Structures are given as C-alpha cells and as structure tokens.
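These are my notebook entries on a single structure. I record what I looked up, one topic at a time.

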Amino acid sequence: MPQSPRRHALALTLALALPAAALAQATDAARALAADAIIVDTHIDAPGVLVSSWADLGEAAPDREFDYPRAREGGLDVAFMSIYTSARQDESGSAWQAANIQIDAMEALVARHPDRFALLTSPGDVERLRTGGRVLLPLGLENGGPIGDDLAQLTFFRDRGVSYITLAHSGNNRIADSSYTVEKRWNGLSPFGREVVREMNRLGIMVDVSHLSDDAVRQSIELSSVPVIASHSALRHFTPDFERNLSDELAKAIAAKGGVVQIPFGTAFVNPTAAANTRDWFRESLAFDRRSAAGVAAGEPALDRKAFEAQWELDHPRVEAPISDVLDQIDYAVKLIGVDHVGIGSDFDGVDGELPEGLRTVADFPNFITGLQARGHSDDDIRKILGGNLLRVWAVIEAGAGTP
C-alpha cells in the first residue's frame, strides 16, 4: 500500500538520520510493538465533536482523528474520551446537561458496536474487555464545572463511568483557578475545591491537574492522598511563560507523588511559536471582552467578536510542527522525572487539526514509536510510556479509594 503524504514525510525525515536498512527495521519493529503493547491515550475529544457533528466512529470517519479502523491500525487499545464542557457552559448553567449528553453519546456508540468498543471503568478490566480487538473507552470529565457546587455529583459522574476529572479548564471555576486566566480567583484551589479533591480520592476518581494554574497544581498534589495525573500537559521548558504547560518543579512534584505526566501531541503545547500564540490569544481575548463590556456599559454597541477572531486568524497563521517537537518533550520528560512517570494524552479531535506532521490521527502511533526507537528508547521503556505507567498509576488510585 502506498504511504500517505505525512508518513512519506516522516520516512524522509528519519532517513536523514538512519541508514535505509535500519529505517526499514525500525518501522517494522515499531508496528510490531504497537500491535503487542497496550497503548493508552488519556485525552481524545471525540465526544464533543460527535455531539456537534455526528459520525459513526465504529466505521471509517475521514473527517475525524479518532475512529475504530484507524485506532486498530495504530494499535490504540484504551482511548480516554474527553467529556468537555466550557467555562461559558459553566457560567450559563448548561455544563451538567452538556456532559450527560456526551456520556449518552459514548454509551450509544458502544451499544451500536459492542464487538468494537467497550466502556472501561477500571484498569483491572483491560485484558478481559479488549479481547476480540475492542477499543476500550474510559471517560474523563474535562472541567469540573458540571458538578456545580454539589459534592454528590462526584458520585453521580463516577457511576456514569467517569474515571478522571480535570478540575478546571479555560476559566476559573468553583473548584480551582485556570492556567489560561490572567487574574486568578482563588490563588489555587477554592475551599470547595479542597473538598472535591478529598472526595475524588475517596471515590477513586483520578485528580487531573492539566489546565490548572501553578498554585492549583501544587495544592492538588500536596492535598491528594494518592498520585495525581496530568492527562495532557507538556513541559514549559520548551514554551517559556506558558502556564498551561508544567514547570520542571511541578512535573517533578507529580512524579514524586507517584503520578504521571501525559504528553500531548497538539502543536499549541509542544511548539514554542504555537504555544506563544495560544497564550496571547487568551490574553487578547480577555482584553477584547473587557473593552466590549465597558462599551456596552457606556451605552455603546457590543464589539464584533467574529471580526476580532477572523483578524486574529489572519495575523496568526497555523504553525506547522515536526514530530520531533513531541519526541523532544518525551526525551526531556524522561530525563527530568524518570521513564516511570511519562505517558501520552494526544488531544486528538481537540486542537482543530493542529498536530505535528506524522501524528495526525490515531493511526499514527507507529510513527511515534519509530521516533522513540530511533532515539534509543528501549522497547520496555516505550511500553511504559505507551500505557503501562498510566495503568499502574490508575490502579494505585483505585486501590486508595474509600480511605479518608
């Protein structure tokens, strides 16, 4: 079968560094490892896209980055489905409804294709449920907004299958401050947020610190009685002044607590130029909203947000990133916090297609493995990065449930 253009580009890039025979051998070895290892991706945004624009993900869905045929082609076994709600939905009171609709959509997908998918709520069920080539779908609640101010909602969402909760997203909420906000509300976790962390520990729900402010990450780690995870956070070492990514200090604190940092593939996280654009977008967007609100308060019409966004897109064209940006993050993370604390959380279907060449869909995990092998990572270490570490940490968190 002819190579796709992106795989051809990857092959050419690797060929510059490896003899032809070594390149062919590495590619074969990567595909073999992808087929044999348990690959766990902790962040795929398929549910929100599915609700806004339906497609049968049990069949080929060319306009998506995740579907069953490509997941099997890439060797993906465990795909955490991101149940995402926005800060605006939180403010409007619609986040709870939006989250439940997405969970319903995942249940419907599994019911439509029980031979291809299964919901997963415990790491102990992986081997049993993936029999027959199923792709397993655990759920992660991206943004704690849907729980409102009711701790009982944590039990509700756990019973609906949620295995981790990202405490906040793009705005400060009732639980914690966001990394994207310039002005913080709580200087970390709110008093309610501290109760949320304790209750999540008791219920065995993983505490996810991605998207949180530095203070909120630090306080979550200190307060949690079990390890925490960063479901899709890169390292700030490569993206200075981008709080969304983890500082070396915080990454080391997660590892010291026994947790895992799941490196994303999205260009906005792993590429310095794209990260700076993302940081500036949130700052300029906030400033625009304030100017518009001030004008409205003075009796003027609201500013045209669509025009603002269109101009921003013109002024900040899409950044094309190489696969090496992701591999550099992995290499640095392994040296910084140890291979036992590194994993992957791609953000497929969540970054508007802004992904590095060679890592554009779930079919491309063999390209990622080939890159790691070419950089000298052993197959045993690659297995840990691909999913072994996350499954181990999840089991530890599950085992800690029920303790105060």
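**Entry 1: A79.** I began by asking whether A79 is buried or exposed. The model is a predicted one, and in it A79 has a relative accessibility of 0%. The cut-off for a buried residue is under 20%, so A79 counts as buried. I located A79 in strand β2, which covers residues 76–84. I then listed what A79 touches, leaving aside neighbours within four places in sequence: D41, I44, F66, V135, L136, L137 and P138. I also looked up the separation of A79 and I39, which are 40 residues apart in sequence and 8.4 Å apart in space, from C-alpha to C-alpha.

**Entry 2: F66 and the cores.** Since F66 is among the contacts of A79, I turned to F66 next. With neighbours within four places in sequence left aside, F66 is in contact with I44, A46, L57, A71, L76, A79, M81, F117, V135, L137, D349 and V362. I then asked which residues have the most contacts inside the largest nonpolar core. They are F66, L167 and F368, in a core of 91 residues. Helix α15, residues 324–337, gives the most to this core, with seven residues. I noted a second, separate core of 19 residues, which includes I38, F80, V260 and W394. As background, I wrote down that nonpolar side chains tend to be buried together in soluble globular proteins.

**Entry 3: helix α15.** I checked the length of α15 next. The helix has 14 residues and reaches 20 Å from its first C-alpha to its last, close to the 20 Å expected at 1.5 Å a residue. I then asked how many residues of α15 are buried. Ten of the 14 are, and the helix is mostly covered. I listed the buried residues as D325, V326, L327, Q329, I330, D331, Y332, A333, V334 and I337. What covers them includes α11 (248–256), β9 (260–263), α12 (267–270), β10, α16 and α17. Just after α15, I found that G338 takes a positive phi of about 95°.

**Entry 4: L359.** I looked up L359 because V326, one of the residues of α15, appears in its contact list, and because L359 is buried at 0% relative accessibility. L359 lies in the loop between β10 and α16. Not counting residues up to four places away in sequence, L359 touches F265, I323, V326, F348, D364 and F368. I also noted that L359 and E65 are 294 residues apart in sequence, yet their C-alpha atoms are 9.9 Å apart in space.

**Entry 5: two residues with positive phi.** In the loop that holds L359, between β10 (342–344) and α16 (365–374), I also found D352. D352 is not a glycine, but its phi is positive, at about 55°. Its relative accessibility is 68%, so D352 counts as exposed. I then recorded N187, another residue other than glycine with a positive phi, near 55°. N187 is found in the loop between β6 (162–166) and α9 (191–203). At 54% relative accessibility, N187 is exposed, because the cut-off is over 50%.

**Entry 6: helix α17.** I asked what span α17 should have. Helix α17 runs over residues 379–399, and at 1.5 Å a residue its 21 residues should span 30 Å. I found its end C-alpha atoms 28 Å apart, which agrees. I also recorded a kink of about 60° in α17, centred on I385. I385 is itself one of the buried residues of this helix. The others are I382, L386, G387, N389, L390, L391, V393, W394 and I397. I had already met W394 in the second core.

**Entry 7: Q153.** I looked up Q153 in helix α8, residues 152–159. Its relative accessible area is 17%, so Q153 is buried, the cut-off being under 20%. Leaving aside neighbours within four places in sequence, Q153 is in contact with W96 and I147.

**Entry 8: the cavity.** Last, I asked how many cavities of 30 Å³ or more there are. The count comes to one. I noted about 40 Å³ of space in the largest cavity. It is lined by 13 residues, and the closest to its centre are L212, V217, E243, R244 and L246.

Technical notes: Residues numbered from 1 in each chain as written. Predicted model: local features only at pLDDT ≥ 70, side-chain atom pairs only at ≥ 80, totals over all residues. Heavy atoms only, no water. Helix = DSSP H or I, 4+ residues; strand = E, 2+ residues; numbered from the N terminus. Buried < 20%, exposed > 50% of the residue type's maximum accessible area, 1.4 Å probe, protein only. Contact = heavy atoms within 4.5 Å. Expected span 1.5 Å × (residues − 1). Bend = angle between axes of the 7 residues up to and from the residue. Core = buried A, V, L, I, M, F, W, Y, C linked by side-chain atoms within 4.5 Å. 1 Å grid on protein atoms, 1.4 Å probe; cavity = no way out; pocket = protein on both sides within 12 Å on 5 of 7 lines; lining within 4 Å. Points joined across faces, edges and corners; volume = space filled by probe spheres on them.
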